[in-house]
Amino acid sequence: MADRYFTNEIPDYIPETAATKTTTVLSESSSKHTTITNLLSVPYNTLRQTLKTSALDLKDRVVKETWGSGGKRLQDYTLYTGALGAAYLLFKAYQVTNNHNDLSLCSQIVKACDSASTDSGRVTFICGRAGVCALGAVTAKHVGDERLLDHYLSQFKEIKLSSDLPFELLYGKAGYLWACSFLNKHIGEEIISANHRRAVVSDVIKAGRRLAHKGRCPLMYEWHGKRYWGAAHGLAGIMHVLMEMELKPDEVEDVKGTLRYMINNRFPSGNYPSSEGSESDRLVHWCHGAPGVALTLVKAAEVFGGEEFLQAAMDAAEVVWNRGLLKRVGICHGISGNTYVFLSLYRLTGNVKYLHRAKAFACFLHDRAQKLISEGKMHGGDRPYSLFEGVGGMAYLFLDMCEPSGARFPAYEL
Ligand SMILES: [Zn+2]
């Protein structure tokens, strides 16, 4: 089991040194002697600058490797492993630095994704056409191009949900609903009408109740024959999106009941099974396991208040601290994604312990990831420059570390 992650030997709290000592520490950081402890001890403003510089360099590399000079037809347009991920990273960089070149390049890449996804049957934000149209519309709004904004919105509204569509986040109805929320947040409240969203929400609730069928859990879903629990394909992701929606009181109770069922049936270690009935306590990823569930529990604590979900989220974060320093770099099943558990809890509680833990994981990545990947001791991802599996996600995290209280897991936390 231990070979999936590095033993976390980082001290839980490292006080910052006085600003006068930082010059020494930083000049050491350019040599190879930097330790994570050194990085953790510099004042946050200095660390923020170090991570930002690294993020912007990485962003340029991601764009070069995935987009090049553009012009060719895209093999993979998705946000998960393809070109839209590079566009999303550019949009984030634009938000942090206000560099309009990044916005303009983002817009060009989304246009190529638009052409490449026209006939795609995929409907979600992360793996489908809704992501292209939604990010396209938001980018067009920032560029100030009304005609392009109308184009993407009308394309979004043309997306059809087939009756056999699954319900999970990466390929199903939850992933489509998330795209609706993204548009409403960034363009305007009723861009995607409440009636339209309601029809899809009712469908999701009805299907969940049908499969649960008087089971101990009020809502249940299947994807490829398995009843997944995690964020990517299962309950955590679907509940997370449902909590973004206007729910009726009985629907709220079913969402709460589903989360309680998961909390009560987690592993003795505190980790969460990847699917119903699984006894394999192995994965500590956003996609499967405690990290994805933790983000959903943070959301539940934000939406419903009270102690129970907050406590469960903090319990899940302990698992992530102890077993989440994965031998992978990405957002979906790597250290970058797991870091967001601490950022989320920091946003919710304001407890600096969580900021320190986020810093610890980010500093580990900054200090070691490239070297460990080149030595073959860490996996750089099947798509090494992608947002969800590769260093694109690490760059995104470093940009979020510039303003940690506003950090949001990309394409998941609104
Ligand atoms: Zn994954």
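Here are some notes on this predicted model, running from the overall fold to one helix pair and then to the annotated site.

1. **Overall make-up.** Helices do the work here: the protein has 16 of them and zero strands. Its radius of gyration is 21 Å, close to the 22 Å that the globule rule gives for 414 residues, so the protein is as compact as a globular protein of that length. If you want a feel for the dimensions, the C-alpha atoms fill a box of roughly 60 × 50 × 35 Å along the principal axes.

2. **Burial and contacts.** Half-and-half is a fair way to put it: 50% of the 414 residues count as buried. Take the contacts with a separation of 6 or more, and 65% of them link residues 24 or more positions apart.

3. **One helix pair to look at.** Helix 6 (residues 129-143) packs with helix 8 (residues 173-186), their axes 9 Å apart and at an angle of about 5°. Angles under 35 degrees count as roughly parallel, and helix 6 and helix 8 are therefore roughly parallel to each other. On the helix 6 side, the contact uses Ala-130, Gly-131, Ala-134, Ala-137 and Val-138. Helix 8 brings Tyr-176, Ala-179, Phe-182, Leu-183 and His-186. By class that makes eight nonpolar residues, two polar and no charged ones.

4. **The annotated site.** An unreviewed UniProt entry puts a "binding site" at Cys-287, Cys-332 and His-333. These residues span 47 residues in sequence, yet no two of their C-alpha atoms are more than 6.4 Å apart, so they gather at one spot.

5. **Cys-287.** You'll find Cys-287 in the loop between helix 11 (249-264) and helix 12 (290-304). Is Cys-287 buried or exposed? The cut-off for buried is 20 or more C-beta neighbours within 10 Å; Cys-287 has 24 inside that distance, so it counts as buried. Leaving aside neighbours within four places in sequence, Cys-287 is in contact with Gly-230, Ala-231, Ala-232 and Gly-292, and also with Cys-332 and His-333. Those last two residues are the ones that share the UniProt annotation with Cys-287.

6. **Cys-332.** This cysteine also sits in a loop, the one between helix 13 (307-323) and helix 14 (335-349). Cys-332 has 26 C-beta neighbours inside 10 Å and therefore counts as buried. Not counting residues up to four places away in sequence, Cys-332 touches Ala-232, His-285, Trp-286, Cys-287, Gly-337, Phe-388 and Glu-389. Ala-232 is worth a click in the viewer, as a contact of both Cys-287 and Cys-332.

Methods: Residues are numbered from 1 along each chain as its sequence is written. This is a predicted model: local features need pLDDT of at least 70, side-chain atom pairs count only at pLDDT 80 or more; totals for chains, interfaces and linings use all residues. UniProt positions are given in the numbering used here, feature names are shortened, and annotations may be inferred rather than shown by experiment. Helices (H or I, at least four residues) and strands (E, at least two) are DSSP runs, numbered from the N terminus. A residue is buried if 20 or more other C-beta atoms lie within 10 Å of its own, exposed if 12 or fewer, and partly exposed in between; C-beta atoms are placed from the backbone. Two residues are in contact if their C-beta atoms, placed from the backbone, lie within 7 Å. The radius of gyration is taken over C-alpha atoms; the globule rule is 2.2 Å times the number of residues to the power 0.38. Axes are lines fitted to C-alpha atoms, for helices over the stretch in contact, and angles run from 0 to 180 degrees between N-to-C directions. Angles under 35 degrees count as roughly parallel, over 145 as roughly antiparallel, 65 to 115 as roughly perpendicular and the rest as oblique. Ala, Val, Leu, Ile, Met, Phe, Trp, Tyr, Cys and Pro count as nonpolar, Asp, Glu, Lys and Arg as charged, and the others, Gly among them, as polar.
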